[in-house]
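Student: Please take one part of this model and look at it closely. Follow its contacts outward, and give me the cut-offs as you go.

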Amino acid sequence: MGARRSTAARTVRQVARSSPFSEVPRALCQAVCESLAVDGATFSLLTDTPSRQLLCASDATALRLEEIQFTVAEGPCVTAAAEGVPVLMEDLDADLARWPFFSASMSEQLPEVKAVYAFPLRMGEETLGSMDLLRREKGGLDAHAVRESQHVADAVVEALLSTLTELLNGSAPPAWEPADVIRSHWSSTHQAIGVVAARLDISISDALARMRAEAFRTGETLAEVTAAVLRRRPRA
């Protein structure tokens with residue numbers, strides 16, 4: 001089945017064309033959930049790097065899944081982006097060894113999530129980020145579902161094609177809704193990393209590592225640690 005003939009991918013393209021610009025990522029997330037029959041979805045750029053930028057999360061559970069992976073620097077979406085291949089976890093309760101920090105955080109914070117499927121967002125030979133899908137029931141994807149999901153990931157990249165260069169090169173968050181979520185997972189995080197790096201005279205990578213360690217130690221999200229840093233509270 002070609003990408004153009006994928007029903008789910010065609011739905012995603014139609015949603016992108018019919019949605020106001022500010023609503024496109026959120027509308028895409030909802031369309032992906034409905035088309036692929038999953039319980040949540042997220043998209044992010046530069047997922048496996050310190051410059052990771054969230055594009056959307058379908059709901060609070062999906063957002064938390066994304067935050068956990070960015071905080072502990074491991075998990076399905078990080079691996080999918082780093083290796084450029086789908087990563088399918090059909091039973092999170094059974095698959096604990098591959099990403100121990102991710103697994104521990106999921107067991108504690110999102111025990112209701114039982115399966116996660118991550119697909120790279122690709123443009124030609126380049127991997128730009130990842131798409132995460134979650135389910136509250138255990139189970140794998142058959143070959144058809146994997147193909148459909150890959151076609152949908154391609155359709156997401158196509159839908160955002162006109163803004164991808166600006167998104168990857170710009171420092172300001174795009175004018176997407178919900179604005180507070182986009183801001184806190186875009187420019188605010190990287191601003192806080194810079195504050196910690198300057199305060200402690202360390203590298204950007206080391207500053208992010210300190211913030212991640214603080215989030216993991218306290219059970220907070222990286223967004224919450226970011227907010228504390230920007231309020232100039234002594235945290236990381």
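Tutor: What follows starts at one strand, moves to its partners, and then goes on to the cysteines and the aromatic rings.

First, the ground rules. This is a predicted model, so local features need pLDDT of at least 70 and side-chain atom pairs count only at pLDDT 80 or more, while totals for chains, interfaces and linings use all residues. Residues are numbered from 1 along each chain as its sequence is written, and side-chain values use heavy atoms, with hydrogens and water left out.

The starting point is strand β1, residues 40-45. Helices (H or I, at least four residues) and strands (E, at least two) are DSSP runs, numbered from the N terminus. β1 is mostly covered, with 6 of its 6 residues buried. Buried means under 20% relative accessible area, exposed over 50%, and partly exposed in between (1.4 Å probe, protein chains only).

Now look at the two faces. In a regular strand the side chains alternate between the two faces of the sheet. On β1, G40, T42 and S44 point one way. A41, F43 and L45 point the other way. Both sets are buried.

Next, the neighbours. Two strands pair if DSSP finds at least two bridges between them. β1 is joined to strand β5 (residues 126-135) by 6 bridges, and the two run antiparallel. Within that pairing, T42 has D132 of β5 as its bridge partner. β1 also pairs with strand β2 (residues 53-57), again in the antiparallel sense, over 4 bridges. There, F43 stands opposite C56 of β2. So T42 meets β5 through D132, and F43 meets β2 through C56.

C56 leads on to the sulfur chemistry. A disulfide here is a pair of cysteine sulfur atoms within 2.5 Å. A search of the whole structure finds 1 disulfide. It joins C29 to C56, with an S to S distance of 2.1 Å. The link of C29 and C56 is right-handed, with 75° about the S-S bond. C29 lies in helix α2 (residues 24-36) and C56 in strand β2, so the disulfide ties together parts that are 27 residues apart in sequence. Both ends are covered. C29 is buried, with a relative accessible area of 0%. C56 counts as buried because its relative accessibility is 5%.

Two other cysteines deserve a check. C33 is in no disulfide: its nearest cysteine sulfur, that of C29, is 6.4 Å away. C33 counts as buried, at 9% relative accessibility. C77 is a similar exercise. Its closest cysteine sulfur is in C56, and because that sulfur is 12 Å away, it is too far for a bond. C77 is buried too, at 1% relative accessibility.

Turn now to the aromatic rings. A pair of aromatic rings is described by the distance of the centres and the angle of the planes. Rings of Phe, Tyr and Trp (its six-membered ring) pair if their centres lie within 6.5 Å; planes under 30 degrees apart count as stacked, over 60 as edge-to-face and the rest as tilted. A search of the whole structure finds 3 aromatic pairs. One of them is F21 with W176, a tilted pair at 5.9 Å centre to centre and 45° between the planes. This pair links distant parts of the chain, 155 residues apart. F21 sits in the loop between α1 (7-18) and α2, whereas W176 sits in the loop between α7 (161-169) and α8 (179-184). Their accessibility falls into separate classes. F21 counts as partly exposed, at 45% relative accessibility. W176 counts as buried, at 2%.

W99 and F102 also pair. Their ring centres are 6.1 Å apart and their planes stand at 90°, so this pair is edge-to-face. W99 is buried, with a relative accessible area of 6%. F102 is buried as well, at 0%.

One more residue gives a contrast. A97 is placed in the loop between β3 (87-89) and α5. A97 counts as exposed because its relative accessibility is 70%. From A97 to E137 is 40 residues in sequence and 20 Å in space, C-alpha to C-alpha.

To retrace the path on screen, begin at β1 and its buried residues. Go from F43 across to C56 in β2. Then follow the disulfide from C56 to C29.
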